[in-house]
Structures are given as C-alpha cells and as structure tokens.
Amino acid sequence: QTTTTMRTIQTIQTTRNSTRHPFCRRKSSPTMKKKERTMQTTATLKNENTTRTPVTTTVGALIQDAKTVEEILRAACDSLLLEGEETLHFHFQDVHRQKNKSASVNGLKRLAKMMCSSSGSYEKKTKTKNNERIGGIVRLIKGASLDGTKTTNRKKRASDGIDALRATASLLVSLFDKDEDEDEDDSDTSREEMRNACDELVRRVREDAEYFSDGDRIVFDWALRVIESNIASSSGETTATSERRGDATITVDEFPFRYVTPNISNVLKNITVEDLRKEVPFKAEKLITRTGKRVDERRETCFVAESGIGGLAYSGKIMEPTLLNEASLPLVTTIRNAIVEALKNDEDYAGCDIDFDCALMNLYPDGSSACAWHTDPEMGTVWDRDSVIVSIGETRRFAFRKLAGGGDKRQNDGEEEQVWVRVHHGDCILMRDDCNDNWEHCVFGKENDSNNAARISLVFKKALSRGGGRKKGHGTNSKEKKKAK
C-alpha cells in the first residue's frame, strides 16, 4: 500500500511540473547542468566508440612503441615521409622534416640493438624477406640524411649523425653476413640501394665534422671502414672510402687505440666459439678486487704462449701458460698468423709490425658475463705496449674512456666520454703506445635476450726481455707468485 501511494505522488508531481509555464518550472543549478552535460558526453562516447575516427599516430611514436623489427620496418615504409613524398603544405615545414629525421635515427638505433645478435636467432624468427628488410632500412637511412632545421643545434646534429652511422654500420654486418644463399641479382641490387643511401648519410654527417667530439671522430672512422668492407662496389670505391682517405681534417692517428677491420674473414669464417672451446683449456678462477675481496671471475680464461715465456699476472693471480704452436693450438696459431700478416700489409696500420708470441684468451659463456672498466697491467714493462684483440662469436659493445686525474685509475667519476662500437665476429681492436696508461676499456653484456650467445676474445701480446737472465713473463713457482701479488 505504501509503495502504491508513493508512485501516485510521483506521478502527480511530474504532471504538475509538465503543465507549468516554462518560466515557472524549477530551474537547474549550474552544477546540475554540468553534471548532465558530462553524463550525456560519456553516454555518447560509449555509444559511438566503435565509429569514432582514430587519432593519427606519428611515425616517431610508431617507431618508439614498436616491439619487433617488422613493426619498425612497417612504420618506415608506411608512415615515414622522405624528400619528394610530401603531399600536404605542413610536410614541407622544417620542424616536420626534423621530426622525420629524429624518428629515423631512433629507428636505426633500435633496429641495430634488436638485430645485433650474431647467432642467427633473428634470421630464424623473422618472416620478412631480405629485400623487404633492406628496403625499410634504406628508408630509415635516407630519413636520417634529411636536412635538419635552420635552428638545430649543430653539435646535437653531429651527435645524432654519428649515432645513425654507428647503427647503420652494425646493421650492415647483420644484413649482408648471411646472404650467400640468396639470388645474386637481388643481392647486387640490394647492395646498390644500400650503398647509395649510405653515401648520402656519410656526406650529411661529414657536414658537421667541425662539431665532432673525439669519440665521434673515432666512431666515424670505424663506421666508414665497415661500410667500405661490406658494400663496396666492384671498383672497391665508395663515398665512405674517398671521405676516409681524402679528408685530412678527420684523423684518428693521435689516439692510442683503433677499432680496426683487417681482411682476415677468409680465415675466421669457418672458426667458431665451439671450435676454440674444444681446443683451448679454459677455466674459471678467483680474482682479487681493488678492495681486496676475493671473488669468482665471471669469464673463463686461458693464457697461451710460445716456449720460453712465463706466466701472465693480473688481479692477484698468475696464469701458467699453455704452449702455443701449430701442433698444440692450430686454430689459435692460424688466427695469430693471419692478424700479424694483415696488419703488416695494410697501409692504414703501417708500423704495426709485431710478431705476437702469446695471448690471453677470454671466454664469455653468455650475455650476463662481461668485463668491467680496467686497464691491462704491465704494458711496457713485461709486455709490449702494442696489443690486438680479435673477437670471435657473439656481438658485444666494446668501449673506451679516458682516465681522469692524470691517469689515476681510481679517480674516474664516469663523466668522461665513452667511445663504443659493436664488435662482431672477426672484428679487432688495436691498442698502442700509452693506451693502457691513459685509457681504460670494458666489454658490456647482452643488449637483448637473443644477444646471449658465447663470445671469445683473443688478446695477442708480445713478451719483453726483462734482462738479467730473467725469463720473459712471470715465473710460476710459488715464491715468484707471492712476489707478483
């Protein structure tokens, strides 16, 4: 009964309100009106959600949010605007072109990181054909070569250009290292497209050479070597070649280290990490840190040397040598002979005429094993100042930075410029003169889950005569071990 009464009252009130003169009806307050509009808008959005026009996403956002190689390449092909592809008036604006340029540089950097693995995992997973893959990367390289705005910071533009070149050089190794089974005509066409794009990028980056930092100059030199060695024309000449050899303003001769690309691929192409693991007796040992703590070394090591050379001392241990000759270590001997011959005959490394007689070999079993910032000890006293590192297996970032405090190894606060490139299978690093007095180096760990395979570095050295009838290297008996520590 009560319910029926309430319904009757509500009906009467509604009727009265509808029959009132419009000016006599109860007016809604501003707050009530705002709530009503909000409710109506929400309801409309819910009802029209499936028919609303989607918000346009920029190419920069597409590349940054991409989770796979294919998504980045799709954004480059579908959304990146290159010179001559403009259709709307604002496409010609400097700021719009700069956005496309920045997106392209970021795309190259992300691709280089995703595709850095030398284990072939990317090749097995992707469904993108090689020519399509190269086509997308060529567009990104062209995008990175676009003119910047007139107000662009030249130093920032130079830095971005070096980032693009470093990424491009890394990608070339990944792209053209596994093309042997592909159609030869397609491969030649792809190389021609890539060569033209790289030539234009080199020219653009070169325009800002006066703003290069020391590290930029070193990376520029390395990138040109990689471009030249991977996509040189039948004549052997590229813009990269002429830029490197003909421009005396961008030199790196004063630096005591170089990322080098000697032609020893014919020797290394059939040598794998597993081959060396079977031949070399690697083992894990204890190290003593700078604070005196004894810890397990994350990598496995082995010191090999010719007859008459003693041990190698570092971080509180002396490593007894394994005999280095063609009978006991044929692969290591072959690599040693090849690198010595290549450096002697290459005009770019004139003066590096050293017959290396020993090597520290380091096995990094997976992507979690790395090597912190350090200098190689006793260079110039026990070992010759010149040494060469040969990288076998997985790709890793290898970096240098200058020691702060006049060479004090303990005063570097991390603010010094880091010079780094990705070293691939067969790449080499040449360290000379006072490199280990004023610079330190390191090897970073994996960049992604697929970049997790093993890597071996061979650090070739030459033992110095110590005079007084003493043996080269360190003695390995207990008394001399204690003295070395």
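**Figure 1. Cys198 in the predicted model.** Cys198 lies buried in this predicted model. The relative accessible area of Cys198 is 1%. A disulfide is a covalent bond between the sulfur atoms of two cysteines. Searching the whole structure for disulfides gives zero.

**Figure 2. Cys371 and the sulfur of Cys442.** Cys371 takes part in no disulfide. The cysteine sulfur nearest to Cys371 belongs to Cys442, at 7.8 Å. A disulfide requires two cysteine sulfur atoms within 2.5 Å, so this pair does not count as one. Cys371 is classed as buried, with 12% relative accessibility.

**Figure 3. Cys77 in helix 4.** Cys77 sits in helix 4, which covers residues 69-78. Its relative accessible area is 40%, so Cys77 is partly exposed. Apart from neighbours within four places in sequence, Cys77 contacts Gly136 and Arg139. The C-alpha atom of Cys77 is 8.8 Å from that of Leu140, a residue 63 positions away along the chain.

**Figure 4. Helix 14, residues 330-345.** Helix 14 has 16 residues. At 1.5 Å a residue, helix 14 should span 22 Å. The C-alpha atoms at its two ends are 23 Å apart, which agrees with that expected span. The buried residues of helix 14 include Val332, Ile335, Ile339, Val340 and Leu343. Thr333 and Arg336 are also among the buried residues of this helix, as are Ala338 and Ala342.

Note on methods. Residues are numbered from 1 along each chain as its sequence is written. This is a predicted model: local features need pLDDT of at least 70, side-chain atom pairs count only at pLDDT 80 or more; totals for chains, interfaces and linings use all residues. Side-chain values use heavy atoms; hydrogens and water are left out. Buried means under 20% relative accessible area, exposed over 50%, partly exposed in between (1.4 Å probe, protein chains only). Helices (H or I, at least four residues) and strands (E, at least two) are DSSP runs, numbered from the N terminus. Contact means heavy atoms within 4.5 Å. The expected span of a helix is 1.5 Å times one less than its number of residues.
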